[in-house]
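Reader: I'd like to go through this structure with you, starting from the basics. Could you put it up?

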Amino acid sequence: MDSPKNIRTQAYVVQSKGAPFELKDVILDEVQPNEVLVEMKHTGICHTDIVVQNGGMPIGDYPAVLGHEGMGIVRWIGSTVCDKSLTLGDTVCLSFHSCGQCAACRDDQCGSCPDMTEINFLNTARRGTGASTPISLPDGTPVHGQFFGQSSLSRMAVVTEASIVKLDARPEEIPFLAPLGCGYLTGSGTVLNVLKPRPDDTIVVLGLGAVGFAALMAAKALGLKSIVAVDLLGAKLEIASALGATHIINTSIQSDLGAELQKILPTGAKSIIDTTGSVALLEICVKSLAHAGTLALVGVPSPQATLNINALDLLLSCKRIVGVIEGWSNAKLLVPQLLQLSREGKFPIDRLAKVYPAEKLCEAIEDLKLGVVVKPILSW
Ligand SMILES: [Zn+2]
Ligand SMILES: [Zn+2]
């Protein structure tokens with residue numbers, strides 16, 4: 001059978017930098033031999049989609065289809081796709097694209113692949129095939145596609161094999177699994193792959209979005225004795241307490257974060273995860289680390305932001321600051337582990353999500369910005 005081509009479907013198109021998401025008809029190009037056609041069932045909304053839509057991170061060309069937390073069903077498999085266990089009708093979770101060749105990828109730390117930004121944001125054109133973007137408008141205008149290997153704010157998508165994670169998911173689980181591919185993987189991977197705390201360690205999580213909550217749940221699953229959650233919304237801190245935070249700091253009331261951390265952790269925190277990207281908070285975090293403690297930078301700071309840190313202090317205190325993208329994870333390994341933890345009640349992602357009809361993307365983004373919902377998920 002010939003590979004499918006000229007498939008008419010619908011996708012959220014961002015026409016130009018800063019333009020709104022608009023649900024439009026698009027045409028999918030012929031599926032290349034190393035690609036997989038996926039019918040999307042759900043797509044999680046991640047802050048990065050909104051940052052890119054606003055022009056806060058470059059992606060190269062517009063118009064573009066974003067979306068990088070897809071969950072769907074395999075409808076076509078290219079002839080050179082390596083995973084021969086993949087079959088039509090399989091349920092798959094979509095994650096980021098990685099080169100698969102470099103030392104980081106070979107060590108299952110694909111999130112720290114040096115080509116990460118290039119191949120997921122800027123130059124997503126189909127590597128190695130010679131073909132251009134798989135998406136176009138009905139008038140023939142090319143549309144930037146394969147954002148994170150997928151561009152899953154679409155009913156159908158032509159996806160890179162690296163982005164595919166086959167999941168043996170039960171029907172009732174499927175609506176909640178889409179964010180495993182980015183938000184939940186990033187937070188949990190930061191704890192499990194980068195910080196690797198011991199049970200008697202202390203951890204501080206700054207910012208309770210999907211990434212912060214995933215970090216908190218992973219820390220709880222490891223049985224950490226002190227888990228401090230920091231946010232400025234009381235409702236989110238209540239959820240954090242229910243999910244295992246041993247201490248909470250509400251920065252809208254307790255405005256001196258350094259002093260509050262000092263009260264809870266007098267000798268400092270062994271690990272701090274920042275998901276906010278706020279430079280003012282980062283400088284406090286470095287001071288609040290214990291000797292030889294680690295600060296994981298996960299949130300995206302403004303491009304102009306610089307950290308004012310004394311190098312000699314850093315040396316003498318043996319502190320580390322590490323940048324973490326996608327939890328340094330291999331999604332094909334971590335996502336199934338997270339599903340298993342969820343089944344054991346140790347990663348209760350159903351508590352964080354709200355599912356919206358696909359047409360209600362604007363409402364979902366508004367709720368995310370207001371903090372009314374931790375993780376909005378569209379249902380196609
Ligand atoms: Zn994301
Ligand atoms: Zn790589």
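Author: What follows goes from the whole protein to the zinc site and then to some single residues.

Reader: What kind of model is this, and how is it numbered?

Author: This is a predicted model, in which local features need pLDDT of at least 70 and side-chain atom pairs count only at pLDDT 80 or more, while totals for chains, interfaces and linings use all residues. Residues are numbered from 1 along each chain as its sequence is written, chains are lettered from A and ligands numbered from 1 in the order in which they are written, and side-chain values use heavy atoms, with hydrogens and water left out.

Reader: How many helices and strands are there in the protein?

Author: The protein has 12 helices and 18 strands. Both are DSSP runs numbered from the N terminus, with at least four residues (H or I) for a helix and at least two (E) for a strand. The radius of gyration is 21 Å, close to the 21 Å that the globule rule gives for 380 residues, so the protein is as compact as a globular protein of that length. That radius is taken over C-alpha atoms, and the rule is 2.2 Å times the number of residues to the power 0.38.

Reader: What box do the C-alpha atoms fill?

Author: Roughly 65 × 45 × 40 Å, taken along the principal axes.

Reader: And how much of the protein is buried?

Author: Of the 380 residues, 55% count as buried. Buried means under 20% relative accessible area, exposed means over 50%, and partly exposed is in between, using a 1.4 Å probe and protein chains only.

Reader: What share of the contacts comes from residues 24 or more positions apart?

Author: They account for 67% of the contacts with a separation of 6 or more. A contact here means heavy atoms within 4.5 Å.

Reader: Let's switch to the metal. Which residues are the protein donors of the zinc ion?

Author: The donors of the zinc ion (ligand 1) are Cys46 through SG, His68 through NE2 and Cys182 through SG, at 2.1 to 2.2 Å from the ion. Donors are N, O and S atoms within 2.8 Å of the metal (3.2 Å for Na, K and Ca), and water is not among the atoms, so sites may look incomplete.

Reader: How are the donor residues spaced in sequence?

Author: The spacing is C-x21-H-x113-C. Cys46 is in the loop between strand S3 (35–44) and helix H1 (47–53), and Cys182 is in the loop between helix H4 (174–177) and helix H5 (183–195), so the pair ties together parts that are 136 residues apart in sequence.

Reader: Are Cys46 and Cys182 buried or exposed?

Author: Both are buried.

Reader: What else touches Cys46?

Author: Lys375 is one of the residues that does. Lys375 lies in strand S18 (residues 375–379) and is buried, at 2% relative accessible area. Leaving out residues up to four places away in sequence, its contacts include Ile45, Glu69, Pro179 and Tyr184. Lys375 and Ala210 are 165 residues apart in sequence, yet their C-alpha atoms are 6.0 Å apart.

Reader: Ile45 came up there. Which helix holds Leu368, and what does Leu368 contact?

Author: Leu368 is in helix H12 (residues 361–370). Apart from neighbours within four places in sequence, Leu368 is in contact with Ile45, His47, Ile50, Val373, Val374 and Pro376. Leu368 is buried, with a relative accessible area of 7%.

Reader: Now the backbone. Which two residues does a cis peptide bond join?

Author: Tyr62 and Pro63, with omega at about -5°. Pro63 sits in the loop between H1 and strand S4 (64–65). Most residues other than glycine have a negative phi, and most peptide bonds are trans.

Reader: So which residues have a positive phi although they are not glycine?

Author: Asp108 has a phi of about 60°, and Phe148 has one of about 55°. Asp108 is in the loop between helix H2 (103–106) and helix H3 (116–122), and Phe148 is in the loop between strand S8 (142–143) and strand S9 (156–160).

Reader: How do they stand on accessibility?

Author: Asp108 counts as partly exposed at 36%, whereas Phe148 counts as buried at 4%.

Reader: Last one: where is Ala215?

Author: Ala215 is in helix H6 (residues 210–221), buried at a relative accessible area of 0%. Beyond four places in sequence, Ala215 is in contact with Gly187, Ser188, Val191, Val205 and Ile273.
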